[in-house]
There are 2 protein chains.
Amino acid sequence: MNKQNHLSQVRVVLSHTTHPGNIGAAARAMKTMGLRHLYLINPRHFPDPQADAMAAGADDVLRDAVVCSSIDEALQGVVFTVAMTARLRDISIEVKTPREAMPLLLQQAATQPVALLFGTEMSGLTNEEMGKAQVLVSIPADPDFSSLNIAAAVQVMSYELSVAAQSYLPSTPETHPAPHEQVEGFFAHLEKTLFEIGFLTTQNPARLMQRLRRLYARARLEQEEINILRGILSVATEYNTRLRARYQQENPVITKHPDVPKHQ
Amino acid sequence: MNKQNHLSQVRVVLSHTTHPGNIGAAARAMKTMGLRHLYLINPRHFPDPQADAMAAGADDVLRDAVVCSSIDEALQGVVFTVAMTARLRDISIEVKTPREAMPLLLQQAATQPVALLFGTEMSGLTNEEMGKAQVLVSIPADPDFSSLNIAAAVQVMSYELSVAAQSYLPSTPETHPAPHEQVEGFFAHLEKTLFEIGFLTTQNPARLMQRLRRLYARARLEQEEINILRGILSVATEYNTRLRARYQQENPVITKHPDVPKHQ
């Protein structure tokens, strides 16, 4: 395989980084391991002289860094995202070790962009941000002191990726995951439909949507599958609309829009 | 094996470190990976507020750091030393990768102290210092930009050591896939609903169901997720059931079961 081709598909995405020195140190860490593409979501200070100082020669990575205003912008076109978490959460999205996850990332990187997603220094990634990823990775650390510096975490992940790329045997990816924006389009459509048919109410839909996100994250949806699922959603809505129209027709005295039956 | 016993035999030795911030960052990197024993050979500034700031909670490692005036003092009692080098030198001492070397270090650490030896920021270790080591280790890096920050190198080595020390797979939250019959129950419910809402017709539904099966097979559905999905399916058709009941109630003369609206 061509190692460099695979690594050139990898984006390192840092969300809401507080200290510019960490951005510079992360750029240096990336470059030592052959990674070039840095994406910054709303960094507090950037560009910044501290970032330049800590980059120590990786100034090209900083210069080419893409500053984004949202995670969706940073993940535009990305087919596989690995998000970092310091904690092992009680959720059913897969949490892998770096050594388990990097070959998967490389496999997808053979043809299309992939991302490594890092949260803020203090609180890591939000649940919403993690919901955008297909795999969560936790760097095994001392349970009593598990807080790696963000640039140190970038170094470990870049290193694992680079080592994995050295020994990586090319194989065809089993699946062809749909790009990020299509997956998000599906989730938006799903949520809208679940409201429409009365499954979701305003009481805490976020938790249920998160649960569904995890399920479909594990499945790594393909484009054709998204087409099928959205087709189902469209038909379900049409069906619902038709039934409602019929209901209104048959109950003309009721002028108030009838409530969609609530799920008990 | 008792991981902590082995790691407690490991000394991280930094020779002639120039920037105190790097000492603090190295202490933090060590502590995240369960290493505690820091030895400093003639540091330029230590103790130092910059070291404290970068330690970010690993102040105990700094406080207990042993400041030495020579490498022999730092390696007193050590039975096995791994020295870091950025370059592959034309010398006859072995140069290994971190992944090759850390199991060797651990093996020796079972009973007696071992050391990981790091040189200065600018020039690394002297030949004399490297001569004290049993094994040289080079972290594989981009040949065009191979200079890892010293604390980043400490992080990578500590991480490799910690991973090597795990004789077990890190505990990831186990998924609890639902039993076969529940998954089949979901697929039957899904198919029935897709017919009912008019998404599936009699023309070759098998192929589409197969596609959906594959998608959910990849996700390895859990029981709770099946409950959610079947809840959605029930709500999607509930409206129709209610409407039908009402329709029959309001039109008692019609004995024939009314058709479900068909998808056009």
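Biologist: In this predicted model, buried means under 20% relative accessible area. Is Val114(A) buried or exposed?

Modeller: Val114(A) is found in strand β6 (residues 114–118) of chain A. The relative accessibility of Val114(A) is 0%. The cut-off for buried is under 20%, so Val114(A) counts as buried.

Biologist: Which residues is Val114(A) in contact with, leaving aside its neighbours within four places in sequence?

Modeller: Among them are Val78(A), Val79(A) and Phe80(A). Leu105(A), Gln108(A) and Ala109(A) are also in contact with Val114(A). The list is completed by Gln9(A), Val10(A) and Arg11(A).

Biologist: How do the strands of chain B run in the open sheet, and which are the edge strands?

Modeller: The open sheet has seven strands in the order β3-β2-β1-β6-β4-β7-β5 (chain B), with parallel pairing. An edge strand pairs on one side only. In chain B the edge strands are β3 (66–68) and β5 (95–96).

Biologist: Which residue in β2(B) stands opposite Val13(B)?

Modeller: Strand β1 (residues 10–15) of chain B pairs with strand β2 (residues 37–41) of chain B in the parallel sense, over five bridges. Opposite Val13(B), in β2(B), stands Tyr39(B).

Biologist: Helix α2 (residues 20–32) of chain B packs on the sheet. What angle does its direction make with that of β2(B)?

Modeller: Helix α2 of chain B touches β1 and β2 of chain B. Its direction and that of β2(B) make an angle of about 155°.

Biologist: How many aromatic pairs are there over all chains, and why is the pair of Phe186(B) and Phe187(B) tilted?

Modeller: The count comes to seven aromatic pairs over all chains. For Phe186(B) and Phe187(B), the ring centres are 5.4 Å apart and the planes are at 45°. Planes under 30 degrees apart count as stacked and over 60 as edge-to-face, so with planes at 45° this pair is tilted.

Biologist: Phe187(B) and Tyr216(B) also form an aromatic pair. How many residues apart in sequence are the parts that this pair ties together?

Modeller: The pair is edge-to-face, at 6.5 Å centre to centre and with 65° between the planes. Phe187(B) lies in helix α9 (residues 180–196) of chain B, and Tyr216(B) lies in helix α10 (residues 205–219) of chain B. The pair therefore ties together parts that are 29 residues apart in sequence.

Biologist: Which ring does Lys31(A) lie over?

Modeller: Lys31(B) lies over the face of Phe145(A), at 4.6 Å from the ring centre. Lys31(A), at 4.6 Å from the ring centre, lies over the face of Phe145(B).

Conventions: Residues are numbered from 1 along each chain as its sequence is written. Chains are lettered from A and ligands numbered from 1 in the order in which they are written. This is a predicted model: local features need pLDDT of at least 70, side-chain atom pairs count only at pLDDT 80 or more; totals for chains, interfaces and linings use all residues. Side-chain values use heavy atoms; hydrogens and water are left out. Rings of Phe, Tyr and Trp (its six-membered ring) pair if their centres lie within 6.5 Å; planes under 30 degrees apart count as stacked, over 60 as edge-to-face and the rest as tilted. Helices (H or I, at least four residues) and strands (E, at least two) are DSSP runs, numbered from the N terminus. A charge sits over a ring if NZ of Lys or CZ of Arg is within 6 Å of the ring centre and within 35 degrees of the ring normal. Two strands pair if DSSP finds at least two bridges between them. Contact means heavy atoms within 4.5 Å. Axes are lines fitted to C-alpha atoms, for helices over the stretch in contact, and angles run from 0 to 180 degrees between N-to-C directions. Buried means under 20% relative accessible area, exposed over 50%, partly exposed in between (1.4 Å probe, protein chains only).
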